[in-house]
Amino acid sequence: MRIVVLAGGIGGARFLRGLKSAAPDADITVIGNTGDDIHLFGLKVCPDLDTVMYTLGGGIHEEQGWGRAGETFAVKEELAAYGVGPEWFGLGDRDFATHIVRTQMIGAGYPLSAVTEALCARWQPGVRLLPMTDDRVETHVLIDDPEAGGAEGAAEGRAPRKAVHFQEYWVRLRASVPAHAVIPVGAEQAKPAPGVLDAIAGADVILFPPSNPVVSVGTILAVPGIREAIAEAGVPVVGLSPIVGDAPVRGMADKVLAAVGVESTAAAVARHYGSGLLDGWLVDTVDAAAVSEVEAAGIRCRAVPLMMTDVAATARMATEALTLAEEVRT
Ligand code: GDP
Ligand code: CA
């Protein structure tokens with residue numbers, strides 16, 4: 001069975017580990033979000049691709065969910081001693097090596113997809129990991145800018161605003177201020193990376209893990225051609241809710257959902273994807289009351305435990321998703 005999964009970082013990676021355990025013989029292609037990518041210290045950092053690669057390759061810091069296990073921070077401390085930041089982004093010594101290799105290869109002319117393949121030759125994640133695009137896409141978040149002077153915005157009776165990089169919003173500001181808009185800068189001009197559209201067209205099942213619907217899956221779907229290919233693939237598309245009991249299980253997804261006018265409920269996220277894209281949707285058992293609402297929107301829905309507490313529990317979630325996919329297959 002050929003399975004295509006659209007993945008962000010932690011939620012996507014943990015789900016993939018369960019999926020591999022539930023379907024050991026499946027041929028899994030992961031289309032990874034690169035909207036979180038950032039250039040730091042002259043290096044290209046791809047947080048979501050690396051989280052998937054390290055998690056599936058056995059190198060992840062388990063408790064934290066991102067970064068390397070057994071990490072040290074000597075380089076970061078030395079940079080700080082020179083007054084060189086940002087200090088708010090955690091880059092460890094082991095992790096630095098990945099970004100150095102990536103940046104060196106990109107400098108030599110390799111596209112990100114080829115670089116990712118080369119990095120995965122070491123990590124052997126057991127899936128084919130493709131960036132959504134080889135082109136530069138950077139998610140920016142529009143926030144209030146109380147420090148800005150001038151009449152712009154004030155003329156419309158509101159505070160001036162500014163766009164910041166997603167990582168600045170998420171990591172430095174901890175999503176503590178309202179997000180007015182989420183903009184995947186460069187997405188409109190981006191092309192799906194080699195292999196992405198072929199994987200979708202050749203899939204037997206397409207899964208949306210419990211990744212962030214706006215800044216992970218939403219960004220992947222913003223690359224022209226990907227959403228259309230999924231809708232036209234003619235195979236079951238099944239998603240799992242990252243929202244459990246009206247709140248994200250982890251992180252601040254509610255903040256970016258609000259920016260796109262979507263309530264933080266399992267049903268609202270399903271309706272946001274819509275029946276044009278989704279055939280099936282899994283909500284947690286605590287959200288069982290949402291099943292009828294999702295089904296009324298034309299999406300088959302089941303309530304099952306959706307907490308990825310360990311690989312066995314996550315594998316059961318993956319099995320439920322594959323079972324629902326068979327149910328909706330026409
Ligand atoms: P990120 O790029 O590291 O933020 O990771 P993703 O976008 O792949 O996933 C983030 C989402 O995973 C968050 O919105 C969480 O609510 C969700 N999530 C994390 N752990 C769990 C879990 O155990 N169960 C469910 N259903 N969602 C989870
Ligand atoms: Ca991410």
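Select helix 11 (266-273). This helix is mostly covered: six of its eight residues are buried. Colour the buried ones: Ala-266, Ala-267, Ala-268, Val-269, Ala-270 and Tyr-273. Keep in mind that this is a predicted model.

**Into the helix: Thr-265**

Step back to Thr-265. Its place is the loop between helix 10 (253-259) and helix 11. Is Thr-265 buried or exposed? Thr-265 is buried, at 15% relative accessible area, because the cut-off for buried is under 20%.

Now show the side chain of Thr-265. One of its polar atoms sits 3.0 Å from the backbone nitrogen of Ala-268. Ala-268 is itself among the buried residues of helix 11. Next, display Ile-243 and Asp-246. Thr-265 is in contact with both, once neighbours within four places in sequence are left aside.

**Out of the helix: Gly-274 and Gly-276**

Go to the other end. Gly-274 comes just after helix 11 and has a positive phi of about 85°.

Move on to Gly-276, in the loop between helix 11 and strand 13 (280-283). Gly-276 is exposed, because its relative accessible area is 60% and the cut-off is over 50%. Add Glu-232 to the selection and draw a distance between C-alpha atoms. Gly-276 and Glu-232 are 44 residues apart along the chain, and their C-alpha atoms are separated by 9.5 Å.

**Toward the start of the chain: Asp-37**

Select Asp-37. Look for this residue in the loop between strand 2 (27-32) and strand 3. Asp-37 is buried, with a relative accessible area of 4%.

Which residues does Asp-37 touch, not counting those up to four places away in sequence? Show Lys-44, Val-45, Cys-46 and Pro-47, then add Leu-112, Glu-138 and His-165.

**Strand 3: Leu-40**

Leu-40 lies in strand 3. Leu-40 is buried too, at 5% relative accessible area. Display its contacts: Val-45, Pro-86, Phe-89 and Leu-91, again not counting residues up to four places away. Val-45 also appears in the list for Asp-37.

For a longer span, pick Ala-222. Leu-40 and Ala-222 are 182 residues apart along the chain, with 24 Å between their C-alpha atoms.

**The turn after strand 3: Phe-41**

Select Phe-41, in the loop between strand 3 (38-40) and strand 4 (43-45). Check its backbone torsions. Most residues other than glycine have a negative phi. Phe-41 is not a glycine, yet its phi is positive, about 55°. How far is Phe-41 covered? At 27% relative accessibility, Phe-41 counts as partly exposed.

**A cis peptide: Gly-85 and Pro-86**

Follow the contact from Leu-40 to Pro-86. Pro-86 is in the loop between helix 3 (74-81) and helix 4 (93-107). Look at the bond that precedes this proline. Most peptide bonds are trans. The one joining Gly-85 and Pro-86 is cis, with omega about 10°.

**Another positive phi: Arg-174**

Jump to Arg-174. Its loop runs between helix 6 (166-172) and strand 8 (181-185). Phi of Arg-174 is near 50°, a positive value in a residue other than glycine. Is Arg-174 buried or exposed? Arg-174 is exposed, with a relative accessible area of 52%.

**Zoom out**

Clear the selection and show the whole chain as a cartoon. How many helices and strands are there? The secondary structure comes to 13 helices and 14 strands. The radius of gyration is 20 Å, close to the 20 Å that the globule rule gives for 330 residues, so the chain is as compact as a globular protein of that length. Along the principal axes, the C-alpha atoms fill a box of roughly 60 × 55 × 35 Å.

Switch to a surface view. The accessible surface comes to about 14,000 Å², and carbon and sulfur atoms account for 52% of that area. Colour by burial next: buried residues make up 53% of the 330 residues. Then try a contact map. Of the contacts with a separation of 6 or more, 70% are between residues 24 or more positions apart.

Finish with charge. Colour the 26 positive and 41 negative charges of the chain. Where do their mean positions fall relative to each other? The two mean positions are 2 Å apart.

Methods
Residues numbered from 1 in each chain as written. Chains lettered and ligands numbered in written order. Predicted model: local features only at pLDDT ≥ 70, side-chain atom pairs only at ≥ 80, totals over all residues. Heavy atoms only, no water. Helix = DSSP H or I, 4+ residues; strand = E, 2+ residues; numbered from the N terminus. Rg over C-alpha atoms; globule rule 2.2 N^0.38 Å. Buried < 20%, exposed > 50% of the residue type's maximum accessible area, 1.4 Å probe, protein only. Contact = heavy atoms within 4.5 Å. Areas by Shrake-Rupley, 256 points an atom, 1.4 Å probe, with all protein chains shown as cover. Lys, Arg positive; Asp, Glu negative; His and termini not counted. Charge placed at Lys NZ, Arg CZ, Asp CG, Glu CD. Polar contact = N/O pair within 3.5 Å; in protein donor to acceptor, adjacent residues only side chain to side chain.
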